[in-house]
Amino acid sequence: MRKRFAAFLLIASVVAWGIWCGGQYFNEARVTPKRLSNPPDSVVAYNAIPMKGELPFFFPLNPLIFLVSLAALIAAWRWARRSRKWLVLSTVIGFGVCLALILYLAPLIWSIDRGLDTLSAAEIIARADAWKFGNRIRLIVEMFGFVCSIIALRVWSAESEITVATDG
């Protein structure tokens, strides 16, 4: 039963990473170019778009990639041998991504929105450029975290089957 729960958490981790990375890729490919194409004017225009029915994405899901990875790491640890490094990597990357978002990227993008009336155009452009650069680095790191979660599931599943086969 515990092994099945661990398998469920490993699958949930891959799903959470996949949804997160897909959303981040969409954000980088479709939203960011419109929002930050010509700051501060593009930021003002983007913020003027009505957002009826908008659902939260970034803050509920961002901690999830870390929390589910951590839960999977803890649950699968007993049976994991070769997959441990991938489980740990996925968890550490999830934690790092959460910290980068909370401590740097979110405050930076919010400072652009809040500073439209008080910051110079040059400062807004500089912050937008810094945010775009940081966001691209984060996206690359997140894709690596996603791949680590997939490898962790694959390797854990293979070694888990070997353990079951040798136990019976």
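**Notebook: salt bridges**

I went through the side chains of this predicted model and counted six salt bridges. Opposite charges can pair when the charged atoms of their side chains come close. I wrote up three of the pairs, including R35 with D113.

**Entry: R35 and D113**

I looked up the closest N and O atoms of R35 and D113 and found them 2.5 Å apart. This pair links distant parts of the chain, 78 residues apart. I placed R35 in helix α1, residues 2-35, and D113 in helix α4, residues 84-114. Next I checked accessibility. R35 is buried, at 16% relative accessible area, while D113 is partly exposed at 24%.

**Entry: R82 and E159**

Here the closest N and O atoms are 4.0 Å apart, and the pair is listed as a salt bridge. Where do R82 and E159 lie? I found R82 in the loop between α3 (58-76) and α4, and E159 in helix α5 (residues 121-167), so the salt bridge ties together parts 77 residues apart in sequence. For E159 I noted a relative accessibility of 6%, so this residue counts as buried.

**Entry: K132 and D129**

I then turned to a pair within one helix: K132 and D129 both sit in α5. They are three residues apart, about one turn of the helix. The closest N and O atoms of this salt bridge are 3.8 Å apart. Is K132 buried or exposed? At 18% relative accessibility, K132 counts as buried, because the cut-off for buried is under 20%. Its partner D129 is partly exposed, with a relative accessible area of 41%.

Methods. Residues numbered from 1 in each chain as written. Predicted model: local features only at pLDDT ≥ 70, side-chain atom pairs only at ≥ 80, totals over all residues. Heavy atoms only, no water. Salt bridge = Lys/Arg side-chain N within 4 Å of Asp/Glu carboxyl O. Helix = DSSP H or I, 4+ residues; strand = E, 2+ residues; numbered from the N terminus. Buried < 20%, exposed > 50% of the residue type's maximum accessible area, 1.4 Å probe, protein only.
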